[in-house]
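This report describes the helix packing and the salt bridges of a single protein chain. The sequence and the coordinates to which the text refers are shown here.

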Amino acid sequence: MFRRKLTALDYHNPEGFDCTDETQFRNCIVWLEDQKIRHYKIEDRGNLRNIPSSDWPKAYQKYLQDVNCPFGAQEKKESFDWLLGLAVRFEYGDNVEKYRKCEPLAASSSKAVDPLVNLDCNSPDFKAGVTALANILKIQRHDDYLVMLKAIRILIQERLSPEAIARASQNREGVPVTLDKHVLGFDTGDATLNEAAQILRLLHIEELRELQTKINEAIVAVQAIIADPKTDHRLGKVGR
């Protein structure tokens, strides 16, 4: 499952690597730090290199924190995949000219295929990527990673697309309002206080309208996520 990234990094045995083998796993982490990531100075890598030590998990947890990995040592596959991605980025950064000279793959003349059609939602790579995005965007985790991906898509479309950013950056111009046309509903006995009360009431109404708009947006976002129920034909009902 990590073969492609290990191959890209010129790891000596990408085909035979077994993440569940603790010795292989620890050796690979040390290799990534020594050869690709190089976050620590050489003299500071002793604890990470001490593979047989019972304190190695603590050293690995500290290492993940030091490189700002969003996953902990308990999330073994996710953290390892994240480190592989970091190593790939550094590898490209160290050899930019080399990779720029690579010939691009020939464009396929066949009809474009939706990349989500063959998406493996149970793949550790997929889960790690979705979780990392959710952490960056501060989206609540969900047991169904596809649901999380849909929530990420909605947030990006509604808040982070160029159009949404352009709308948010536009200055809102006020509309002239004639206070005489708006009934206050009570009298303070002072004309100035009456006008101030009318202005406050109009501002409050505007805030309520903005709140209602945000509520509507939230409802639409939730409906977009839950409006795709899974059908269990064996039970003869719709739902989880």
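## Lys-76 and its partner Glu-22

Lys-76 has a relative accessibility of 22% and therefore counts as partly exposed. The model in which this residue is described is a predicted one. Lys-76 takes part in a salt bridge with Glu-22, and the closest N and O atoms of the two residues are 3.0 Å apart. This pair links distant parts of the chain, since Glu-22 belongs to helix H2 (residues 22–37) and Lys-76 to helix H5, with their positions 54 residues apart in the numbering. Glu-22 has a relative accessibility of 33%, so Glu-22 counts as partly exposed.

## Packing of H2 against H5

The two helices joined by this salt bridge also pack against each other. The axes of H2 and H5 come within 10 Å and cross at roughly 25°. Because angles under 35 degrees count as roughly parallel, H2 is described as roughly parallel to H5. The crossing of H2 and H5 is left-handed.

On the H2 side, the contact is made by Glu-22, Phe-25, Cys-28, Ile-29, Leu-32, Lys-36 and Ile-37. H5 contributes Lys-76, Phe-80, Leu-83, Leu-84, Leu-86, Ala-87, Phe-90 and Glu-91. Classified by residue type, the contact of H2 with H5 holds 11 nonpolar, no polar and four charged residues. Glu-22 and Lys-76, the two members of the salt bridge, are both listed in this contact.

## Packing of H4 against H5

H5 (residues 76–94) has a further packing partner in helix H4 (residues 56–66); the angle is about 50° and the axes are 12 Å apart. H4 is therefore oblique to H5. The crossing of these two helices is left-handed.

The residues of H4 in the contact are Tyr-60, Tyr-63 and Leu-64, and those of H5 are Ser-79, Phe-80 and Leu-83. By class, five of the contact residues are nonpolar, one is polar and none is charged. Phe-80 and Leu-83 of H5 appear in the contact with H4 and also in the contact with H2.

## Packing of H7 against H8

Further along the sequence, helix H7 (residues 124–137) packs with helix H8 (residues 145–160) at an angle of about 40°, and the axes of the two helices are 10 Å apart. This angle makes H7 oblique to H8, and the crossing of H7 and H8 is left-handed.

H7 enters the contact through Phe-126, Lys-127, Val-130, Thr-131, Leu-133, Ala-134 and Leu-137. H8 does so through Tyr-145, Leu-146, Met-148, Leu-149, Ile-152, Leu-155, Ile-156 and Leu-160. The contact of H7 with H8 has 13 nonpolar residues, one polar residue and one charged residue.

## Further salt bridges

Nine salt bridges are found in a search of the whole structure. In one of them, the side chains of Lys-5 and Asp-81 meet with an N to O distance of 3.1 Å. The pair connects distant parts of the chain, with Lys-5 in helix H1 (residues 3–8) and Asp-81 in helix H5, 76 residues apart. Lys-5 counts as partly exposed because its relative accessibility is 28%. Asp-81, by contrast, has a relative accessibility of 6% and so counts as buried.

Another salt bridge joins Asp-34 and Arg-49, whose closest N and O atoms are 3.1 Å apart. Asp-34 lies in helix H2 and Arg-49 in helix H3 (residues 46–49), 15 residues apart, and the pair again links distant parts of the chain. With a relative accessibility of 38%, Arg-49 counts as partly exposed. Asp-34 and Arg-49 also belong to a network of salt bridges that links them with Glu-33 and Arg-45.

## The chain as a whole

The chain contains 10 helices and two strands. Along the sequence these elements follow the pattern α-α-α-α-α-α-α-α-α-α-β-β. Of the 240 residues in the chain, 28% are buried. Among contacts in the chain with a separation of 6 or more, 41% are between residues 24 or more positions apart.

Definitions and conventions. Residues are numbered from 1 along each chain as its sequence is written. This is a predicted model: local features need pLDDT of at least 70, side-chain atom pairs count only at pLDDT 80 or more; totals for chains, interfaces and linings use all residues. Side-chain values use heavy atoms; hydrogens and water are left out. Axes are lines fitted to C-alpha atoms, for helices over the stretch in contact, and angles run from 0 to 180 degrees between N-to-C directions. Helices (H or I, at least four residues) and strands (E, at least two) are DSSP runs, numbered from the N terminus. Angles under 35 degrees count as roughly parallel, over 145 as roughly antiparallel, 65 to 115 as roughly perpendicular and the rest as oblique. A crossing is left-handed if the near helix is turned anticlockwise from the far one by less than a right angle, and right-handed if clockwise. Contact means heavy atoms within 4.5 Å. Ala, Val, Leu, Ile, Met, Phe, Trp, Tyr, Cys and Pro count as nonpolar, Asp, Glu, Lys and Arg as charged, and the others, Gly among them, as polar. A salt bridge is a side-chain nitrogen of Lys or Arg within 4 Å of a carboxyl oxygen of Asp or Glu. Buried means under 20% relative accessible area, exposed over 50%, partly exposed in between (1.4 Å probe, protein chains only).
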